[in-house]
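Let's take a walk through this structure together. Have a look at the model first, and then we'll go through its parts one at a time.

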Amino acid sequence: MRTKVGIIGAGPAGLMLSHLLHLQGIDSVIIERKSREQVENTVRAGVLEQGTIDLLNETGVGDRMMELGQPHKGIEFQFSGKRHRIDFEKLTGGKEIMIYPQHEVLKDLISARLEVGGKILFNADNVSLHDIDTTEPKICFQHNGENQELVCDFIAGCDGYHGPSRKAIPKEYLHESEYTPPFGWLGILTETPPASDELIYTYHERGFALLSTRSPNVQRYYLQVDPSDDISNWSDERIWSELHARVDLDGWTLEEGPITQKNIVTMRSFMCETMQYGRLYIAGDAAHIVPPTGAKGMNLAIGDVQVLAEGLKHFYETNSDVLLDQYSDACVRRGWKAQRFASQMTNLLHHNHQKTTFEHGVQLAELEHISSSTAASSTIAENYADLKVDIPR
Ligand code: FAD
Ligand code: DHB
């Protein structure tokens, strides 16, 4: 089999890249380890920033998002028994976010690709990369019990943190760094009406809590827990009691409902600054992981492939690598900005038991400063609602 761009992974990065390339008349094949059902049903991100909303609309895959998604014009910070609104609309000149689940974005992209004959090979096993430092790199894999080889001009490694793409770059060229924040998130889906019109990020001495939403009937709530904790320690009663302890206010109590899903995820901050080697380009979680507090991971992944698609378009139009050569630098710069913001939000809102009383005092003062200063809340609003993608052109 032959294609121009072989894409490993049908997450937001891989699917959006394939879609953008198709719009430029560049053919690609996606090779995905999971089944279509698994890809379309895994609950992950929920927040799309302005640039992502615009891209989905401009490229013709935004209709269901506009119908089913919930536009929000701000978020709330809650601490010391009070809520403080960060007004995106006012502070950013009209930017907003959309609450629309990642797996719904994936459904939209998969159906758009398949409708026009796009090729996505689900359930592929033993995917490996070969000859990436030549002009004919190959992806080998098993599909329907048969060994297959996909010969490409380029390979896009969009296969998440654990995928084979980054590992195919020789160790001596890899420039990686990481930090593991000492926090885990217990996430639930619950059938109950929304707690509020906007997301509520709560700092409490018992730990962080986040009230997010999925639809008028289903809500997504998170609790900071120890990263080594096990979900079997958390009965539904314990989850509700902890949520009440952290988020209830005088005269306001969180409404409970049946919990339909619960799990614990650990946090990781990771940067691979080598996003290109030979004809291999890595994008999204394959290259960087941000803690979820800034709601940036999927948005970063989609930003990366916008830059990559532009570079590939330029290559096929002019036979020049000049834009592709800027891919890694452009994405790494934005990646660090997202790391800075995600780490600021994480440190601001989580309770770190290892901090001293003095450090907790400074943390609360920082929350008060952000909530009372237009300059400070503007930087949160700008970063949360629209971390710009600088596309070399
Ligand atoms: P992925 O979505 O991980 O996709 C990679 C794909 O590659 C997968 O389908 C995988 O099956 C496939 N793959 C892996 N290995 C192989 C292999 N060997 N062969 C073939 N295929 C392979 N981000 C936000 O922007 N906003 C949020 O609100 C937000 N909230 C989050 C909340 C939680 C609890 C979590 C866990 C994450 C959150 N994120 C959020 C992060 C976001 O989900 C990820 O950053 C995003 O999925 C990255 O997209 P990706 O395409 O790079 O990788
Ligand atoms: C959601 C996830 C996040 O990481 C976040 O910061 C906000 C919302 C969500 O899943 O809804």
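What follows starts with the domains and then moves on to the ligand.

Keep in mind that you're looking at a predicted model. The protein splits into two parts: domain 1, made of residues 5-46, 101-179 and 269-350, and domain 2, which covers 184-266. Notice that domain 1 is written as several stretches of the chain, while domain 2 is given as a single one. The C-alpha centres of the two domains lie 31 Å apart. Where they meet, 6 residues of domain 1 are in contact with 11 residues of domain 2. The domain 1 side of that meeting place has 4 nonpolar and 2 polar residues, with no charged ones.

Now for the ligand. Ligand 1 lies between the two domains, because domain 1 and domain 2 both give residues to the shell around it. That shell holds 36 residues, and the closest are Gly9, Gly11, Ala45, Gly284 and Gly297. Three elements give two or more residues each: helix 1 (12-23), strand 14 (184-191) and helix 9 (297-318). Helix 9 has the largest share, with 4 residues. Sorted by class, the shell comes to 18 nonpolar, 11 polar and 7 charged residues.

Finally, let's see what the record says. An unreviewed UniProt entry carries the annotation "domain: FAD-binding" for residues 2-341. Over that stretch, residues 2-341, the chain is 31% helix and 29% strand. If you go to the two ends of the stretch, you'll find their C-alpha atoms 41 Å apart.

Technical notes. Residues numbered from 1 in each chain as written. Chains lettered and ligands numbered in written order. Predicted model: local features only at pLDDT ≥ 70, side-chain atom pairs only at ≥ 80, totals over all residues. Near = placed C-beta within 6 Å. Nonpolar A, V, L, I, M, F, W, Y, C, P; charged D, E, K, R; others polar. Domains from an automatic or database assignment. UniProt positions renumbered as here; feature names shortened; annotations may be inferred. Contact = placed C-beta atoms within 7 Å.
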